Amino acid sequence: MIFKNFEIVDPKIQETIERSAEETVKKLSFVKALSAFEKNHDAVVIGADTVVEIDGIILGKPYNSMEARSQLLRMMGRWHTVHTAVTVVSSSEVWQDYCTARVKFRKVPDCFLEFYASNFSAGKAGSYGIQDLGSIFVERIVGDPYVVIGLPIAGLWKYFYEKGWWNFETVEDNDKKWF
């Protein structure tokens with residue numbers, strides 16, 4: 001199987017918080033993958049979900065910049081846990097992986113927090129992304145940074161490799177600079 005063509009699909013599902021962060025991300029990653037798979041049964045679909053947990057409270061995507069500001073302030077100068085699950089759905093099986101990482105936020109000036117919450121927090125679990133300007137909040141990560149980004153690549157690659165779905169034929173010529 002060669003994966004050279006892919007499409008990003010918005011599954012348009014209702015994201016709800018379950019009893020635990022682990023249960024939440026596992027269920028949502030599965031529902032996202034299944035939603036896309038139901039539209040194309042020939043596809044191999046990857047669904048992922050991430051939430052942040054601090055003080056036993058699950059922080060999903062903020063509804064607005066005020067909630068984003070509140071989430072970011074709660075984490076300021078403190079440790080929190082990021083939970084990510086990835087699910088692969090194909091015609092032959094369903095595979096799922098679950099990972100966590102610990103993140104410590106540094107204290108930042110209120111003006112930066114306000115700017116970030118108003119311009120970058122939308123659509124991000126815990127109101128931040130380390131793949132953008134949100135990396136300024138992060139003082140330390142214990143664990144896989146890709147868990148915090150929202151797609152733990154190593155586990156996903158291992159699954160594809162062990163299934164025989166990844167090989168050097170899946171690499172485009174312009175991708176060879178990475179190897």
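A residue counts as exposed when its relative accessible area is over 50%, and as buried when that area is under 20%. By this criterion lysine 12, at 67%, is exposed. The structure in which this residue sits is a predicted model, and lysine 12 itself belongs to the segment that precedes α1 (21–37).

The backbone of lysine 12 also deserves attention. Most residues other than glycine have a negative phi. Lysine 12, however, has a positive phi, near 50°, without being a glycine. Aspartate 55 is another non-glycine residue with a positive phi, in this case about 55°. Aspartate 55 is placed in the loop that links β1 and β2.

The overall architecture gives these positions their setting. The protein chain contains 5 helices and 5 strands, and their order from the N terminus is α-β-β-α-β-β-α-β-α-α. Along the principal axes, the C-alpha atoms occupy a box of roughly 50 × 40 × 25 Å. The radius of gyration of the protein chain is 17 Å, which agrees with the value near 16 Å for a compact globule, because that is what 179 residues would give in such a globule. Of the 179 residues, 40% count as buried. Contacts across the sequence are also informative: among those between residues at least 6 apart, 67% join residues at least 24 apart.

The interior can be followed through its nonpolar cores. In soluble globular proteins, nonpolar side chains tend to be buried together. Here the largest nonpolar core has 23 residues, and the members that touch the most others are Leu72, Met75, Phe105, Tyr128 and Phe137. At least two residues of this core come from each of β1, α2, β4 (94–105), α3 (110–119) and α4 (145–149). Tyrosine 128 illustrates the contacts: beyond its neighbours within four places in sequence, its partners include Leu72, Met75, Phe105 and Phe137, as well as His80, Tyr116 and Val148. Separate from this core is a second one of 8 residues, among them Val88, Phe160, Trp165 and Trp166.

Two serines show that polar residues, too, can be buried in this model. Serine 29 lies in helix α1 and counts as buried because its relative accessibility is 0%. Apart from residues up to four places away in sequence, serine 29 touches Gly47, Ala48, Asp49, Ala85, Val86, Thr87 and Gln96. Serine 90 is found in the loop between β3 (79–89) and β4, and with a relative accessibility of 8% it is therefore buried as well. When neighbours within four places in sequence are left aside, serine 90 is in contact with Phe37, Ala43, Val44 and Trp165.

A final feature is the empty space left by the fold. Rolling a probe the size of a water molecule over the atoms shows where such space remains. The second largest pocket has a volume of about 320 Å³. Its lining comprises 16 residues, of which Glu15, Ile17, Gly60, Lys61 and Tyr63 are the closest to the pocket centre. The elements that contribute two or more lining residues are β1 (45–54), β2 (57–59) and α2 (65–75), with the largest share, 3 residues, supplied by β1. In chemical character, the lining of this pocket divides into 7 nonpolar, 5 polar and 4 charged residues.

Note on methods
Residues are numbered from 1 along each chain as its sequence is written. This is a predicted model: local features need pLDDT of at least 70, side-chain atom pairs count only at pLDDT 80 or more; totals for chains, interfaces and linings use all residues. Side-chain values use heavy atoms; hydrogens and water are left out. On a 1 Å grid over the protein atoms alone, a cavity is a set of points where a 1.4 Å probe fits but cannot get out, and a pocket is an open set with protein on both sides within 12 Å along at least five of seven lines; lining residues have an atom within 4 Å of a point. Grid points are joined across faces, edges and corners, and a volume is the space filled by probe spheres set on the points. Helices (H or I, at least four residues) and strands (E, at least two) are DSSP runs, numbered from the N terminus. Ala, Val, Leu, Ile, Met, Phe, Trp, Tyr, Cys and Pro count as nonpolar, Asp, Glu, Lys and Arg as charged, and the others, Gly among them, as polar. Buried means under 20% relative accessible area, exposed over 50%, partly exposed in between (1.4 Å probe, protein chains only). A nonpolar core is a set of buried Ala, Val, Leu, Ile, Met, Phe, Trp, Tyr and Cys residues joined through side-chain atoms within 4.5 Å. Contact means heavy atoms within 4.5 Å. The radius of gyration is taken over C-alpha atoms; the globule rule is 2.2 Å times the number of residues to the power 0.38.
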